[in-house]
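Reader: I'm new to this one, and I'd like to learn how to read its side-chain contacts and pockets. Can we go through it step by step?

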Amino acid sequence: MTCSGEGPGNLALAIYGFRHVERQYEAAGIHWEVRTIRDRLSLGHCTLPVYRNPDAPVVAVAAPTGKSKKKVVVKEQLEPRVELFDADDHKYEKYLMKLDPNDTKNQDHYKVLGLKKLRWEATAEEIRIAYRQKVLKHHPDKKKHAGIPLPAGEDFFTCITKANEQLGMSEAKRRAYDSVDPKYSDDLPNEKEVNAKNFYELLGPVFAENGRFSIPQPVPLLGDESSSREDVEEFYSFWFNWNTWREYSYDDEQDKEKGEDRWERREMEKANKVERERRRKEEIKRISNLVHMAHNKDPRISKFKKEEAEAKEKAKEERARLRREKQEAEELEKRKAEEAVAAQKREEAAKENAAKLEEKRQKDAAKQANKAQKKRLEGLCEAGNYWTTDSKEKLAAMERFDRLTFLLNTDEIGELCDQIEKIKLDAPAVNRLIQDAEDEKNRARTAAETASRANKENTTTKEAEIVLWTDEEILLLTKAANLYPAGTIDRWIVIADYVNEHRKGQTTPKKTEKQVIKQTKLVQTGQAKPTAASQNKLGAPLPDEENWSAKEHSALEAALKKYPASDPERWEKVATEVPGRTKKDCIKRFKYVAQLIKNQKK
């Protein structure tokens, strides 16, 4: 189709086959945005600022946020970097002519599309633009239309198509190729060559290059010596928990699509998975070695450890200082307390010495007073001619005088002296007064000794009356009381003999009939508890044993025979069979009869 004339209308008619019509654009609105985006996409232009493509390259800008000073990544979308595309010249065509269309797997897809400089950094938009440029120039129909002869048997455009299918059609296929990109090197720096001086220059680019395979984005960079501890810890925490999308399906040795049947394809896929897993583990080990090498060689880690050690040492010294101060304060407080106790003891000792001295002084004064009263009494006796010339009587009088002064205290001696002075002083009067005083003192002493002897005898009698019963003896008493019920001839004598005969300890005195009766009453009243082996109080009737008539007892026996023990509702049914009795009454009667039978067997 040809078109004569010039102008935009004729050109549009020649290209699109219709007359050019000027489009009218609205100022804003969803309809305008949709049409604008569609037109820009159809022409291969950038959709900014109407539509932000998430696959477009971004620029990371770190901005502080408030007091936390955390880095926030702000993404800015860029225009397609067409200027970085490879030149489509004679050299490029010569490269395409050398490619083997039957071996597209081993070709450099980025170089085929002219993205050798961008490679994995190329966006989907840039790949699409590059492919469109190659199609417009190297498509066989275009060359045929332009009159360019095609080499016989060479279909190098297939290489361009395969490169676009691998990179531009599917994100999974592109990642598979990027994982084994021939221009990417897995080599790591030698650990011996890394030191504090070249640490950042050697390892910084390595981490930045390997960060392309990380699933979480953006990837924290190595930083420099001015990086904060939080940034360094965040960096190593990220790389120690490495999560990658790198996989090796592109290098599968066996193509399962070439399998003849399902079984063969399955076996091929198994072999491929084994090889992928092996390479994946090697990749994880490689990254782990890189991170551990960086962590060991990082001068910042050494600095942080040194600072931490210094902080710990400082904290340790501070704790030691506080502990020392606390100990000194405790020792000071202890010394003060000891001094206070010593002062108190000295004061108490001084008071005690003063009390002892006062007591000694009082005793000395009492002795002097007693001695003076004795001397006074002796003078009165001499004045009253108490001492006779007869040696025997004089000896008896002297013994009586000494005994009386020994029995009487100072005040009593003084009273006696006053009485002697009031009466006429003669030998019989003095003798009579002395004899009366001695007799009165003897009577008082005899009464006190009698009362003390009586109290002692009462205490001994009470102790003798107390009889100790052991648990074994109480058990034997319970058993004997059940064996020999009321009505047995000489029942208490028989029970006492049974207890004395069957008890193990024979060292204590034997229990008498009165003691057995007394202990039985104590057990029955609850003042002495029988052992757990006894089923009821000694000889006491069981509850309800005389309240059942013969008819009720017969009904109970018939109901017990009718309803077996395995029935969970046995006692409810038994109670319905016995008129006028509850479930509790039936159970008590059953226990009483069972205990009665057991006692008869014993």
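Author: Let's begin with a definition: a salt bridge is a side-chain nitrogen of Lys or Arg within 4 Å of a carboxyl oxygen of Asp or Glu. Keep in mind that this is a predicted model.

Reader: How many salt bridges does a search of the whole structure find?

Author: The general idea is that side chains of opposite charge can pair when their charged atoms come close. Here, the search turns up 39 salt bridges. Take lysine 162 and glutamate 165, whose side chains meet at 3.9 Å, N to O. The two sit three residues apart in helix 7 (residues 157-167), so about one helical turn separates them.

Reader: Are lysine 162 and glutamate 165 buried or exposed?

Author: In between, actually. Lysine 162 is partly exposed, with a relative accessible area of 36%, and glutamate 165 is partly exposed too, at 34%.

Reader: Which salt bridge can I look at in helix 8?

Author: Try aspartate 178 and arginine 174, with N and O 3.6 Å apart. They are four residues apart in helix 8 (residues 171-179), which again puts about one helical turn between them. Both aspartate 178 and arginine 174 are buried.

Reader: And what about arginine 212 and aspartate 181?

Author: They form a salt bridge as well, with their closest N and O atoms 3.9 Å apart. Arginine 212 lies in the loop between helix 9 (199-210) and helix 10 (229-240), while aspartate 181 lies in the loop between helix 8 and helix 9, so the pair ties together parts that are 31 residues apart in sequence. Arginine 212 and aspartate 181 are both buried. They also belong to a network of salt bridges that links Asp108, Arg119, Asp181, Glu209 and Arg212.

Reader: Now the rings. How many aromatic pairs are there?

Author: For this step you need one cut-off: rings of Phe, Tyr and Trp pair if their centres lie within 6.5 Å. By that rule there are 14 aromatic pairs. One of them joins tyrosine 236 and phenylalanine 240, a tilted pair at 6.3 Å centre to centre, with 35 degrees between the planes. These two are four residues apart in helix 10, so about one helical turn separates them. Tyrosine 236 counts as buried at 4% relative accessibility, whereas phenylalanine 240 counts as partly exposed at 40%.

Reader: What do ring pairs link Tyr236 and Phe240 into?

Author: A cluster, which takes in Phe207, Phe235, Tyr236, Phe238, Trp239, Phe240 and Trp242.

Reader: Where does a lysine lie over the face of a ring?

Author: Lysine 105 lies over tyrosine 250, 6.0 Å from the ring centre. You can also look at lysine 511, which lies over the face of tryptophan 469 at 5.3 Å from the ring centre.

Reader: Last topic: how do I read the second largest pocket, and what is its volume?

Author: Rolling a probe the size of a water molecule over the atoms shows where empty space is left. In this structure, the second largest pocket has a volume of about 770 Å³. Its lining has 25 residues, and Lys105, Gln166, Ser249, Tyr250 and Asp255 lie nearest the centre. Helix 7, helix 8 and helix 11 (262-297) each supply at least two lining residues.

Reader: How many of the lining residues are nonpolar, polar or charged?

Author: The lining of the second largest pocket divides into four nonpolar, seven polar and 14 charged residues.

Terms used
Residues numbered from 1 in each chain as written. Predicted model: local features only at pLDDT ≥ 70, side-chain atom pairs only at ≥ 80, totals over all residues. Heavy atoms only, no water. Buried < 20%, exposed > 50% of the residue type's maximum accessible area, 1.4 Å probe, protein only. 1 Å grid on protein atoms, 1.4 Å probe; cavity = no way out; pocket = protein on both sides within 12 Å on 5 of 7 lines; lining within 4 Å. Points joined across faces, edges and corners; volume = space filled by probe spheres on them. Nonpolar A, V, L, I, M, F, W, Y, C, P; charged D, E, K, R; others polar. Phe/Tyr/Trp six-rings, centres within 6.5 Å; stacked < 30°, edge-to-face > 60°. Lys NZ or Arg CZ within 6 Å of the ring centre and 35° of its normal.
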